[in-house]
Amino acid sequence: MAVSYQWSTTRSRPGFVAQRGLPLFLCLFGATLFLALAPDTLGALHRRWTELNGTYSHGYLWVPVCLGLVVYRLATGVFHTRPSVFGAVAVLFSAATWLAGFVIQLGLLQQLVLPAMLGSLILTCFGWAALRLTLAPLLALYLAIPIWDVFTGPLQTLTTAVSTFAIAQLSIPAFIDGFFIHLPYGIVEVAGGCSGLNYSLVAIVLALAYAHQRRLSTPMTLLAVLVMLVLSMVGNWVRVSALILIAYYSEMNSSLVTEHGLFGWAIFCVFYLGFLVWAHRLKARQLKASSASTYKASGSDVPAAVSLLTQVVTGAIVLVVIAGTPWLAQQRWQTSWSFPEQWSATVPAQQSTPGWQPDFHHYDLQANLRVDHSGLALTLGQRVYLDQAQGKELVGYGNRIAPATQIEQRDNRRLESGRVVQVLELNDRGEHRLVVWTYQLGQATAVSELAAKYQQLVQWIKGRAVTALFYVQTPCARAGCDAERAALGDDLAVLDTWLDQRSLYPE
């Protein structure tokens, strides 16, 4: 069945829009309800969209445009409403994916699933024809989701190369050290914000909006996007090169050296005007005589109406999934967790405060216990997370055992019990230290971030949501930590004993 779209508001079939009232209401209500019950996901997007001169500061302008277009096409597009059972399955899968992102605290996964969930709702309530008609604005929503930061590095490198080439042609004395340009009067850094990614995303948004307004064909739309994208990159190169020249000739005294946000957008506007002059030559798509203009209310043209009972039942199932997923995510299964009895059996019971500690933050409980073993004074440590949220997770960017520059040796070991630990030798300005550590995830252990996220999800499903960092550390008498390694043993069997004593969920 060919899917058409009618821009005219006239209708030859009475009640055309009214017959879609219930499905449209279910879509809008379901999407709104989900966001209302999942404030963390929406809050993360809000923070990115409200950054001053941020990469995604167009979000609050672009998302309403896309959503408005989705609603408009659903209400006025020419297609037969045929709810799909497969759509309900897609809603369930999208909700499960969001839930997994919530459990493992992967905010980007939670955000990525939002347009897919809306598309699943449309498929459920309206059918495949409606999904095809709204696919373009649904995909355009991803321009406001922070998945494009992967291009920051390449664009930053390209901008630095072009800018340094430009100033070299003008014989400006400069020493290039990575992203730092050393001028006689100071240093100019081509930072990540100078990559031009924000200009590139806004360029794509404006090109798509222009193509939509002009009703350009798909090839012409892609050409418009490509041209505007190239112009935005060239404009950013001009901006950075100009700022380097301003820094040089003003001897770093110009206010533009530090405050150049508006300066960049002014250059962007100049290039955008050039795009409008060029794009005016593109020919708009000629609307063909199709079902959009020849739609008639003949008996053969009107499909069998979907029963009200079918719509209500399907909508109820979908709404239960939409409302139940965030509710389930907020349930703290670990609220019934209590201190394991054997924790008090660790001797000596008093806590100590060692000079060295891992760089972990926002934990709920901590323990630093002194343990004498084979003539060594070891510190057994634990950082326990009773619940997790964005910025308060066990496995996250802000947490690390030690800076990478201090790690001299790294060795993953599997204990006899099947647990996995990692043995590190640290060197902090000549002070050597042996650290053996692992993530405790319910009853499982892991030392890699990916494995830890997976085990965290598995253990959460089993009702074991409490996690912790477990480590044993001691200073070394000399480099190599041979004596300390020998005291712990080649098989590290004593680690199993300590992990049993400090198990989060004893068997």
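What is the volume of the second largest pocket? It comes to about 700 Å³. Keep in mind as you explore that this is a predicted model. Below we visit that pocket, then a strand with partners in strand 4 and strand 10, and finally a serine and a helix.

**The second largest pocket**

- The pocket, with its volume of about 700 Å³, is lined by 26 residues.
- Look for Gln105, Leu106, Gly107, Gln390 and Tyr397 to find the middle, since these lining residues are the closest to the pocket's centre.
- Three helices each supply at least two residues of the lining: helix 2 (39–49), helix 5 (107–125) and helix 13 (449–461).
- Helix 13 gives the most, with four residues.
- Sorted by class, the lining holds ten polar, nine nonpolar and seven charged residues.

**Strand 5 and its partners**

- Strand 5 covers residues 376–385, and nine of its ten residues are buried, so the strand is largely enclosed by the rest of the structure.
- Strand 4 (residues 365–373) runs antiparallel to strand 5, and nine bridges join the two.
- To see this pairing for yourself, find glutamine 366, which stands opposite arginine 383 in strand 5.
- Strands 4 and 5 form a hairpin with two residues between them. In the turn, serine 374 has a positive phi of about 50 degrees.
- Strand 5 is also joined to strand 10 (residues 467–475), this time by seven bridges, and these two strands run antiparallel as well.
- Here you can look for glycine 381, whose bridge partner in strand 10 is tyrosine 471.
- A general point to carry with you: in a regular strand, side chains alternate between the two faces of the sheet.

**Serine 163**

- Serine 163 sits in helix 7, which spans residues 152–169.
- Is serine 163 buried or exposed? Its relative accessible area is 0%, so serine 163 is buried.
- Leaving aside residues up to four places away in sequence, serine 163 touches Trp237, Val240, Ser241 and Ile244.

**Helix 9**

- Helix 9 runs over residues 218–249, which makes 32 residues.
- Here is a check you can follow: at 1.5 Å a residue, helix 9 should span 46 Å, and its end C-alpha atoms are 46 Å apart, so the two values agree.
- After helix 9 comes glutamate 251, which has a positive phi, near 55 degrees.

Terms used:
Residues numbered from 1 in each chain as written. Predicted model: local features only at pLDDT ≥ 70, side-chain atom pairs only at ≥ 80, totals over all residues. Heavy atoms only, no water. Buried < 20%, exposed > 50% of the residue type's maximum accessible area, 1.4 Å probe, protein only. Pairing = 2+ DSSP bridges. 1 Å grid on protein atoms, 1.4 Å probe; cavity = no way out; pocket = protein on both sides within 12 Å on 5 of 7 lines; lining within 4 Å. Points joined across faces, edges and corners; volume = space filled by probe spheres on them. Nonpolar A, V, L, I, M, F, W, Y, C, P; charged D, E, K, R; others polar. Contact = heavy atoms within 4.5 Å. Expected span 1.5 Å × (residues − 1).
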